[in-house]
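Open the model in a viewer and keep the sequence panel beside it. The stops below go from strand pairing to aromatic contacts and end at the surface.

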Amino acid sequence: MAILRFKALELVNERKAVTVKPAHPRRSDSFGQNVFNLEAMRANMAGEYFKKLQAAVKQGAAVERNVADAVASAMKTWAMAKGATHYTHWFQPLTGATAEKHDSFFDLNSEGRAIESFKGSALVQQEPDASSFPNGGIRNTFEARGYTAWDPTSPAFIIETVGAKTLCIPTIFVAYTGEALDYKAPLLKSLAVLEKAALDVCQYFDKDVSRVHTTLGIEQEYFLVDKALYDARPDLVMTGRTLFGHAPAKGQQLDDHYFGSIPARAHGFMLEFEEEANQLGIPLRTRHNEVAPNQFECAPTFEDANLAVDHNQLLMDIMGRVAERHNLKVLLHEKPFAGVNGSGKHNNWAMSTDTGVNLLAPGRRPKENLQFLAFFITTIKAVHRYGDLLRASIASASNDHRLGANEAPPAIMSVFVGSMLDSVLDELERTAKVPLDKGDNIYLKLGIDKIPPILLDNTDRNRTSPFAFTGNKFEFRAVGSSANCSSAMTTLNAIVADQLIDFKTEVDELIDQGKKKEVAIVEVLRQYVISSKSIRFEGNGYSDEWKEEAARRGLKNVPTTPLALDALVTQDSTDLFVRHGILSKVELHARHEILLEEYQKKIQIEGRVMGDLAINHIIPTAIAYQTKLVENVRGLRELGLDTDHAQVTIEMIKAISGYVSTIKTNVDAMVEARKDANKLTDVREQAIAYCDDIKTKFAPIRRAVDKLEQMVADEDWPLVKYRELLFRN
């Protein structure tokens, strides 16, 4: 292993930045050129079918068979003109990754002649094996049938891998019995429910609104390490994170990497993956160094939420493939290195109308600001009401390492709105008590007309908040960097839609009682402000004081995934998702089981890798070095030099023995605990056992190994060190 480490370092010393030249001087010239977008559709489809397809997409109706045939023919013509030979249904199973099965356009006709064929039936539906993907018991091994079904709201695109081009068609994935086996189907349902709920509320303010779109901008944080160094770390290869590693003398404490000059190799990598993303219609706008060494971030402009999620999944795949060409490795794990910042995926979420209004942006007139307050306060109320469910939506073994650490939002769900907005809500709580007489200026007396100068461009940011308002959107900061954002966004859409429906019901009841519409709206909002006040927090979410304060407020702090996931299957959560037709009870329980199994398997893999490295690599290295020290002491004594030097060496020998013993004892205990956990038949109990009885053994093993790293000669240490992983590029 030590030889492998030094060979890897030699390779790093020889690396040169790859020169990347954009295909066009302007990004706009090549944007979306590998996407079957509106322009490509117009160019390849008859006008009649193009109009029918667009109407079906806008109205959410099923695409007629003859229209599907026309779309398939146009897609094939367009894709083959660009060199594609195969097509695939591109879907997002509950593995967290994307999946694809490639089929050739090649076929034989009835006369045995070779032709290129792609029919509407192949576009609309395919049949992957539903029992081979995580399904939570929905499908048995012998029940293999499942379907992928075309999502016409997300355009097809062409991916090139090793010179081969494939037409990728975004789809949902469902079981033969109809249950969703993916992340996209529930997301699409939640978006439809939110649109209907938001549209109904918009009618209070603007009758011309006919559509409400959910917009999303997903910031992606990641680490870059050299591929040779990555390959020399079995823990990185197998688990995505370093299970051992002593902190380097210099980490991020000087804050000199953040927004600094981008290193040459990283810059070349960024240029190439941005170029490929641009051609696939992913609107990346920002790149920069993040806080930790060798940590970076990219971010797109806002787009439709469904498309934004598809693009983020595609982006992670592009980044991984492009990094290989630069002899780099992208680390998307939430906490690949202890002691420095982990990585998140901030989801910037808002709603906008077809009249061009962002419903989470304050306006210039009192009526516009009452609309803003309606959506703003209702969202806060939804987070307060369903905070546990929102926490469950971001729970994973990898995100557990990050939530509550020094740079990440805590596992406590809270909302930051900024001091100015906080005072606005407090004022609304107070002034809504003011009696209103006929002829009074309602907006003036309630303080609503004072909002524009208070709000516009006047909202601070809070890095420590998991859910923060940032001026014209909410930023869900607690989502993990490796996550499929559909889970968090489906939940957020569902809870906000549910609260908007309740809001309209309550307002309508007051209007029916004879109250003026504006007064009714304010009365309901005031009650929401009062009842959800405990979720608003403006201070330091990292502090221990906040944990104590949150407990006093009745807010839960659930730092581990197995217990956090309980919120998925409560009666309230089940009623919520079933009521709106987003997920059935069967689907919810299946997801609960899948996520628990995923957690258990990831901790199991980490434990096995940790045990293997500790017993087969670390301990032999420590003993070999200890033997050198013993020989040194023996030689000194043979020469009659039993001095203080010899005594210091003896103390080192004793210390090594102690650390070796600690490692062996805890690895053995971890193995026994794993055996006991594996005997459990209840998936929740097993996940909790892995969390409480196995994962807790990791820390003492790591401490002992990291102490040995400081003692064993550098030339003998088998694992690539943090200073090499984080500062060599």
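Two strands count as paired if DSSP finds at least two bridges between them. The model in the viewer is a predicted one.

**Stop 1: strand E15 and its neighbours**

Select residues 347–353, which make up strand E15. Are the residues of E15 buried or exposed? Seven of the seven are buried, so the strand is largely enclosed by the rest of the structure. Buried here means under 20% relative accessible area. Colour the two faces separately: Asn-347, Trp-349, Met-351 and Thr-353 lie on one side, with Asn-348, Ala-350 and Ser-352 on the other. Both faces are covered.

Now add residues 474–476, strand E18. E15 and E18 run antiparallel and are joined by three bridges. To find the register, pick Asn-347, whose bridge partner in E18 is Phe-476.

Next add residues 212–218, strand E9. How many bridges join E9 to E15? There are seven, and these two strands also run antiparallel. Leu-216 has Trp-349 of E15 as its bridge partner.

**Stop 2: an aromatic cluster**

Keep Phe-476 selected and add Phe-372, Phe-376, Phe-467, Phe-469 and Phe-474. These six residues form one aromatic cluster. Phe-476 is thus worth a label, as the bridge partner of Asn-347 and a member of this cluster.

**Stop 3: two aromatic pairs**

Across the structure there are 26 aromatic pairs. Start with Tyr-204 and Phe-205: the ring centres are 6.3 Å apart and the planes stand at 85°, so the pair is edge-to-face. An angle over 60 degrees between planes is what that label requires. Both Tyr-204 and Phe-205 are buried.

Then select Tyr-222 and Phe-269, another edge-to-face pair, with 6.2 Å from centre to centre and 70° between the planes. Where do the two residues of this pair sit in the chain? Tyr-222 belongs to strand E10 (residues 220–226) and Phe-269 to helix H10 (residues 264–279), so that the pair links distant parts of the chain, 47 residues apart. Tyr-222 counts as buried because its relative accessibility is 0%. Phe-269 is likewise buried at 0%.

**Stop 4: the sheet that holds E10**

From Tyr-222, extend the selection to the whole sheet around E10. Which strands make up this sheet, and in what order? Four strands form an open sheet in the order E11-E12-E10-E14, with antiparallel pairing. Strands E11 (284–289) and E14 (328–331) stand at the edges; each has a single partner strand, so one side of each is left without a neighbour in the sheet. From one strand to the next the twist averages 30°.

For the pairing inside the sheet, show E10 with strand E12 (residues 295–300). Four bridges join them, and they run antiparallel. Label Glu-221 and Glu-297: the former stands opposite the latter, which is in E12.

**Stop 5: strand E8 and three partners**

Select residues 164–175, strand E8. Because 10 of its 12 residues are buried, E8 is largely enclosed by the rest of the structure. Add these strands one at a time:

- Strand E1 (residues 84–90) pairs with E8 in the parallel sense over six bridges; His-89 stands opposite Ile-169.
- Strand E6 (residues 146–150) runs antiparallel to E8, with five bridges; Thr-148 has Phe-173 as its bridge partner.
- Strand E7 (residues 157–161) also runs antiparallel to E8, with five bridges; Ile-158 stands opposite Leu-167.

Zoom in on the hairpin of E7 and E8. Two residues lie between the strands, and Val-162 takes a positive phi near 50°.

**Stop 6: a nonpolar surface patch**

Switch to a surface view and select Val-237, Met-238 and Ile-605. Together they make a nonpolar surface patch of about 260 Å². Val-237 is found in helix H9 (residues 234–239), while Ile-605 is in helix H23 (residues 585–638). Val-237 has 40% relative accessibility and therefore counts as partly exposed. Ile-605 is partly exposed too, at 37% relative accessible area.

Finally, draw a distance from the C-alpha of Ile-605 to that of Asp-235. How far apart are these residues in sequence and in space? They are 370 residues apart in sequence and 9.6 Å apart in space.

How values were computed
Residues numbered from 1 in each chain as written. Predicted model: local features only at pLDDT ≥ 70, side-chain atom pairs only at ≥ 80, totals over all residues. Heavy atoms only, no water. Patch = residues over 30% accessible without salt bridge, like charges linked within 9 Å, V, L, I, M, F, W, Y side chains within 5 Å. Areas by Shrake-Rupley, 256 points an atom, 1.4 Å probe, with all protein chains shown as cover. Salt bridge = Lys/Arg side-chain N within 4 Å of Asp/Glu carboxyl O. Buried < 20%, exposed > 50% of the residue type's maximum accessible area, 1.4 Å probe, protein only. Phe/Tyr/Trp six-rings, centres within 6.5 Å; stacked < 30°, edge-to-face > 60°. Axes fitted to C-alpha atoms, helices over the stretch in contact; angles between N-to-C directions.
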